[in-house]
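Dear colleague,

Please find below the structure that I am handing over to you. A short account of what was found in it follows.

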Amino acid sequence: MIYAVGIGPGSREGITYEARSAIEKSDVVVGYKTYIDLIKDLVKDKEIVSNGMKQEVDRVKKAVEISKTGKMVAVISSGDAGVYGMAGLVLELAEGEEVQVVSGVTASTAAAAVLGAPLMHDFCHISLSDLLTPLNLIYKRIALASEGDFVICIYNPRSKGRPDYLKKSFEIMKKYKAGSTPVGVVKNAGRENQQVQVCTMDTIDYEFVDMLSIVIVGNSSTYIKNNKIITRRGYERKLEKDVLKNGG
Ligand SMILES: C[S@@+](CC[C@H](N)C(=O)[O-])C[C@H]1O[C@@H](n2cnc3c(N)ncnc32)[C@H](O)[C@@H]1O
């Protein structure tokens with residue numbers, strides 16, 4: 001059995017009961033070193049196989065090899081294993097082993113809870129990493145999601161190697177979204193050093209954003225109340241209709 005486990009955004013409280021139990025049942029835990037460090041105390045008595053970023057294929061091949069020896073293996077991802085995580089690769093590279101995907105709390109919903117309620121209506125996830133996706137396709141998705149008035153959750157928003165993709169994405173979004181559209185940035189959501197910025201498309205501080213951050217850009221119904229971001233779901237129209245129907 002190979003578990004593809006999402007460990008949530010980082011805090012002990014953010015791990016689901018199911019994810020914890022899959023890790024407990026495993027003999028070997030395979031993962032990126034930073035994520036293994038986040039769950040150090042849960043994996044004290046486990047065999048650990050960890051390596052660096054961009055070595056995902058090797059990591060999963062190793063997990064498949066180990067599982068052939070009869071050991072239970074957990075391949076861990078941060079957040080949800082099926083959202084820019086390892087679940088797809090584990091299913092693709094497994095050679096007949098049983099695979100169980102164990103979901104986790106993804107960065108967008110963890111950050112949304114910190115920011116208020118920005119994901120109350122249709123939203124999408126877009127990653128700005130062009131390691132595996134052509135940049136023109138990323139910008140096309142940014143444009144079409146903005147034209148469709150989606151709330152947009154931007155993963156992998158800004159790194160040293162690509163400091164300008166976020167700014168360029170905002171320029172594209174601004175063709176469709178007003179500059180006053182609320183934006184939330186959460187760095188290290190659910191971790192000890194969590195930091196939050198509530199701003200607008202016009203006032204965002206790009207320098208604040210890094211690879212440990214997620215950026216949530218509102219839609220045309222999103223507003224800020226008491227420093228919390230709320231996307232209206234449409235109840236206010238229903239309320240107006242009821243008032244009209246019932247004569248106030
Ligand atoms: C390769 S993706 C992994 C996403 C992960 N599987 C998930 O479901 O959240 C890495 C990106 O996720 C976002 N991310 C992951 N954990 C985060 C956290 N605790 N706080 C803010 N952003 C986070 C960042 O945008 C980061 O660059």
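**Strand β8 and the ligand shell**

Strands β8 and β11 run antiparallel and are joined by 3 bridges. Within this pairing, Ile-152 stands opposite Val-217 of β11. Please keep in mind while reading that the model is predicted.

On the strand itself, β8 covers residues 151–155, and 4 of its 5 residues are buried, so that the strand is mostly covered. β8 also pairs with β7, which spans residues 123–127; here the two strands run parallel and 5 bridges join them. One of the bridge partners can be named: His-125 is matched with Cys-153 in β8. To pass from β7 to β8, the chain goes through helix α6, residues 135–147, and the resulting β-α-β crossover is right-handed.

As you look at side chains along these strands, a general point may help: in a regular strand, side chains alternate between the two faces of the sheet.

I turn now to the ligand. How many residues surround the ligand, and which are the closest? There are 24, and the closest are Pro-9, Gly-79, Thr-106, Ala-107 and Ala-189. Two elements give two or more residues to this shell, namely α5 (107–115) and β11 (213–217). Sorted by class, the shell holds 12 nonpolar, 10 polar and 2 charged residues.

Where does the ligand lie with respect to the domains? Because domain 1 (2–105) and domain 2 (108–231) both give residues to the shell, the ligand lies between them.

Yours sincerely,
A colleague

Technical notes
Residues numbered from 1 in each chain as written. Predicted model: local features only at pLDDT ≥ 70, side-chain atom pairs only at ≥ 80, totals over all residues. Near = placed C-beta within 6 Å. Helix = DSSP H or I, 4+ residues; strand = E, 2+ residues; numbered from the N terminus. Nonpolar A, V, L, I, M, F, W, Y, C, P; charged D, E, K, R; others polar. Domains from an automatic or database assignment. Buried ≥ 20, exposed ≤ 12 C-beta atoms within 10 Å, placed from the backbone. Pairing = 2+ DSSP bridges. Right-handed = clockwise from strand over helix to strand, strands pointing away.
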